[in-house]
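Hi everyone, thanks for coming. Today I'd like to walk you through a contact between two chains, so please have the viewer open.

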Protein chains: 2
Amino acid sequence: MNKIIQDQEVVKDQTVTIQDDFWGGYIRLVQNVVIPYQYEALHDRALGAEPSHAIANFEIAAGRKTGEFYGWVFQDSDVAKWLEAVGYSLSITRDPELERQADEVIDLVGEAQQEDGYLNTYFTIKEPGKRWTNLNDCHELYCAGHFIEAAVSYYEATGKRKLLDIMCRMVDHIDSVFGPEEGKMQGYDGHQEIELALVKLYRLTGEERYLKLSSFFINERGQQPNFLKEQWDNLGKINFFTGRKEDLDLKYYQSHLPVREQKVAVGHAVRAVYMYTAMADLAAITGDESLREACERLWNNITNKQMYITGGIGSTHRGEAFTFDYDLPNDSVYAETCASIGLIFFAQRMLRISPDARYADVMERALYNNVLGSMAQDGKHYFYVNPLEVWPQACSCNPEKHHVKSERQGWFGCACCPPNVARLLTSLNQYIYTVHGDTLYTNLYIGSELRTKLGGTDVAIQQQSTYPWKGIVSMKINPKEEAEFGIALRIPSWSLGMEIRVNGEALNTAENIEQGYLVIRRMWRAGDIIEVNDPMEAHRIYAHPNLRADAQKVTIQRGPLVYCLESIDNGEPLSSISLKEDGELTAAFDETLLGGAVVVEADGLRVDQESWSGGLYSREKAPLQSVKVKAVPYYLWGNRGSGEMKVWIPEGSM
Amino acid sequence: MNKIIQDQEVVKDQTVTIQDDFWGGYIRLVQNVVIPYQYEALHDRALGAEPSHAIANFEIAAGRKTGEFYGWVFQDSDVAKWLEAVGYSLSITRDPELERQADEVIDLVGEAQQEDGYLNTYFTIKEPGKRWTNLNDCHELYCAGHFIEAAVSYYEATGKRKLLDIMCRMVDHIDSVFGPEEGKMQGYDGHQEIELALVKLYRLTGEERYLKLSSFFINERGQQPNFLKEQWDNLGKINFFTGRKEDLDLKYYQSHLPVREQKVAVGHAVRAVYMYTAMADLAAITGDESLREACERLWNNITNKQMYITGGIGSTHRGEAFTFDYDLPNDSVYAETCASIGLIFFAQRMLRISPDARYADVMERALYNNVLGSMAQDGKHYFYVNPLEVWPQACSCNPEKHHVKSERQGWFGCACCPPNVARLLTSLNQYIYTVHGDTLYTNLYIGSELRTKLGGTDVAIQQQSTYPWKGIVSMKINPKEEAEFGIALRIPSWSLGMEIRVNGEALNTAENIEQGYLVIRRMWRAGDIIEVNDPMEAHRIYAHPNLRADAQKVTIQRGPLVYCLESIDNGEPLSSISLKEDGELTAAFDETLLGGAVVVEADGLRVDQESWSGGLYSREKAPLQSVKVKAVPYYLWGNRGSGEMKVWIPEGSM
């Protein structure tokens, strides 16, 4: 019981307000462009977007108008994700007009709720008698989960209970349908999401039933007889989406084994990381050691064997799924934006269990590379798939690469990724710090103001950061009263030597490192200043020899940013270029590059195409020329027209 | 008219009997194992093979028994391909028991033929009213084409007319249904095959109607209004195989443009090369210059931009198709065995139009590498897909590589490739020589005896060859009477210097080279001897800089054989290995390797995995060690258990 209360405090007592040059711009982009654009899209008024019909479905379900359900079976979740992002946005900036829009949408959602608390427009409109008959494919609990997250977010921002009450009624209804008791369904959703949402609802309300229901869904998954398999068989093995008889792949749903027995990340990557997130949540709250161990194993499997250097996960678009250890092809990749966001959720929950910089390293990696790279500078175009190597002609002319795009796309019919980016960026303040005991752990270096309680007193901490372009960070510590507590600073895995000073006095960073954090424990007084300085040098990264796709290759990283080459800077084909083994890497800020960014120049070699004899194959090798190679941050790729891009480059010598 | 007669003479006056250590073994394997095994398979008696039901379908169609059609809609073609191979086999070796089996099958085929000449068990049994309603997918003319080829082969071997008569009746029926005349269908088959078969039938019979029908099919293809599109629309756009509504991709069928306007090889690779073969046939016979130009353009596109170094074609398994120029991925490849066989057909027909060693070079490349490599040493296991890089775990665990196998498979339900290999190898004698005017062109160095007419007299030529292991060839020329004619010897593209002697006297090979052949024109007397000696040194080959998949890589070739590395010889992962830029290549015959083969040893470098720090990504590069690398002929890969294989290896230095 002690655990539970402690864990809740961690979350409830913090307020963090982001004040950051780099991230502030993106957050404002979400507030000013993405959220309004999504609102228009949900109402089928967005230019260039496929019709969503999501609001219309609610209007029909609410009886406000007549018509047919249209869209994906999980279309409701787009409304929920928007509301969740609106909640976070209102927490940052009050906006009466946005709040009015949200209140109207919430009124509509309330009207669409059924007498017994059930809420889902697809089954209300299209298949009224078929509730809970196809948990594999139909996302009922998934949609509920997103509305629960929205309800928590919106309540925390506005104090308004309406959506929270709607969702508590829905959860009460779900609780009456699912559970271990006789007469209830021993089932769970094909797409995990409600599990982590119920934990959020429990954290907010303290209602134990919600925690138990989440545990039930997690514990039931993969048990025999297999619930998903039974429903599949009952449905004649017909896949809802294809309409065809198919074999069921339980790994796709992470339902092949009870969760505690799962050792390797498999199946649909988003489902997987949403589930691991809930498992970590439950392990943190209940102290369940076997669940924590499973999380640790799965975390290690992903991050040591199945993660792209950009923080992308999911090596194949077939099933948008994990494949197997060290299988990380760069050009036929999936690495869905939503999956990296889920990995960030998972990392955040692991950090709540125990402070370990490994989790924050991955969080930072996924955030600054895969996730940030998914969004165009206009906030209206997105990558769903985030490749590490692109040849545009292959994307259009080789059907095995049709899913990879060389330019960000407009809002899709299945618009999962953009709203996920919106809700992550507007809630980014939740990822900077964690507290364990009376130590504050700094996970991300993002300019912000923290107000919390440490060492028995209220503390305000002003973080100023020059990330990702420079490694200079300062933190002003302002305890209300002088107090002893710990401040832990993450030493990033990429750091080549971080200098840390307190009130001007250098600390010995070699000592006092605990799990990747430099822990400073002392009496803090108002006005104390921590200064962090990392030279943030561009450096080379190599991949594990088992990672065949990157063998004999190298990439460039500087600070949290992974770099790539683009043909617009280096000519085509990029495959002609290698980096000189002993060459210099020179970083410089380029104001003209997409609003300004640090570019890295490297000594490279280029195959002299002009002197190629002309045939497809030849005994004569084309000679190499020395060239300067220009690398740009991965997250900026594809913003200057369609061209080739490569993260991993061969290394060679002349 | 003159052209026609000349062209026919070329084919009819030659008899070539193969007497070759290397190929003789494979041909006997086909005769002793493959043909009998296939006979059992067709009768559903083959162990380990999926039931074929092909003979049973004919028995049902013939009224000998009742039952349902089973198998692919083109199942009949398996019977035809077997009969064709039997014909070639009987031409090599009389075998009364085999001939009896074939006669019985032919009797059965005759009984299954309908009153009006129509022959196809699927439509006879399963959809009697639906003849010619789905040319896109249902392969009626394709099956007829294979039976025509069988009829020609069997007649030429045995002089028996029965199957020939059956097929002439079928063709007469087809001729009554299809044609430019009003009331006939202006259509053609979705899968080209009958076009080249009709040319064979014409060559044998001299019946102009068959030539005209072939020309009609070729000329009609891709014309507007598009026949395939109209049938597709009439069928409600339903794909016969998937049962789903789909968009029609006319490129898949090479029906997107009239054939003379096609400039780039597109779509299903087997269909494409079967069509180009017929186009070249027609161009050779009719002297149609626009058709020849189209053939030349398509040939150049394939061989200069879309062909693997193994002679494989078709870069994607989706549609088993060509993709686009320089897109030749090694591990997600298709490179179907049948497609390379079709490319050999195409090359042979181009050689008949004009002597140019480029065609023969490609023929040799596809034969000794892709095609030969497809068959296991037991003759019962085959690759349908012929990759240039394999990681067995990816084949099983990454769904995008499920189509690639690391070991040869048993006879499939869709057993297209094994019978195609059988018919090619038993008719290999047709690919060694071509005659133009009174010059004999030697395209392949395969031990054999040729009897033909040159310079007005009968000539016998005994070729002895040590290929592919040594470059020594001798040819004894025995004209019945002293006569002047030309003998042209192909200088292979891989040759580093061929020494040629006539009766012991060295010729100046630098002069007298015409289109890649050394032409020896002189008075020939009985007993004259040509000796050819090529050092056949192992050498490195590089790919065009635009071929991104092979950039910064190298492969090894020796004589006609492309080499590869296998993990059984070099350890895993093969991606850790590079070849030293300046290293030696040493070739030596290894008696113990799969019946004996020349292996190549190279100086290589290997990433020292032991000293890798352990993470997925690291700033530390693992050091390189010098190692000896062992390369084996590509055609032998995968015969020693499942393991990694790679044709293209990075080149590096220490």
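**Where chain A meets chain B**

Let's start with one pair you can click on: R548(A) and E644(B) form a salt bridge, and their closest N and O atoms are 2.6 Å apart. Please keep in mind that this is a predicted model.

How many salt bridges are there between chain B and chain A? The count is 6. Polar contacts come next: 35 residue pairs make one between chain B and chain A, with both residues at pLDDT 80 or more.

So which elements of chain B should you look at? At least two residues each on the side that touches chain A come from α13 (289–305), α16 (392–397), β14 (539–543), β17 (577–580), β20 (617–618) and β23 (649–652) of chain B. Of these, β14(B) gives the most, with 5 residues. As for chemistry, the side of chain B that touches chain A has 27 nonpolar, 25 polar and 16 charged residues.

Let's stay with β14(B) for a moment, and look across to the other chain. Strand β20 of chain A, residues 617–618, is joined to β14(B) by 2 bridges, and the two strands run antiparallel. If you'd like to find a bridge on your screen, go to Y617(A): its partner in β14(B) is A543(B).

Now let's zoom out to the whole contact. Chain B brings 68 residues to it, and chain A brings 68 residues. Between them the chains bury about 5500 Å², and 54% of that lies on carbon and sulfur atoms.

That's my tour, and I'm happy to rotate the view for anyone who wants another look.

Note on methods
Residues are numbered from 1 along each chain as its sequence is written. Chains are lettered from A and ligands numbered from 1 in the order in which they are written. This is a predicted model: local features need pLDDT of at least 70, side-chain atom pairs count only at pLDDT 80 or more; totals for chains, interfaces and linings use all residues. Side-chain values use heavy atoms; hydrogens and water are left out. Contact means heavy atoms within 4.5 Å. Buried area is the accessible area (1.4 Å probe) that two parts lose on being put together, summed over both. A salt bridge is a side-chain nitrogen of Lys or Arg within 4 Å of a carboxyl oxygen of Asp or Glu. A polar contact is a pair of N or O atoms within 3.5 Å; within protein, one must be able to donate a hydrogen and the other to accept it, and residues adjacent in sequence count only if both atoms are side-chain atoms. Helices (H or I, at least four residues) and strands (E, at least two) are DSSP runs, numbered from the N terminus. Ala, Val, Leu, Ile, Met, Phe, Trp, Tyr, Cys and Pro count as nonpolar, Asp, Glu, Lys and Arg as charged, and the others, Gly among them, as polar. Two strands pair if DSSP finds at least two bridges between them.
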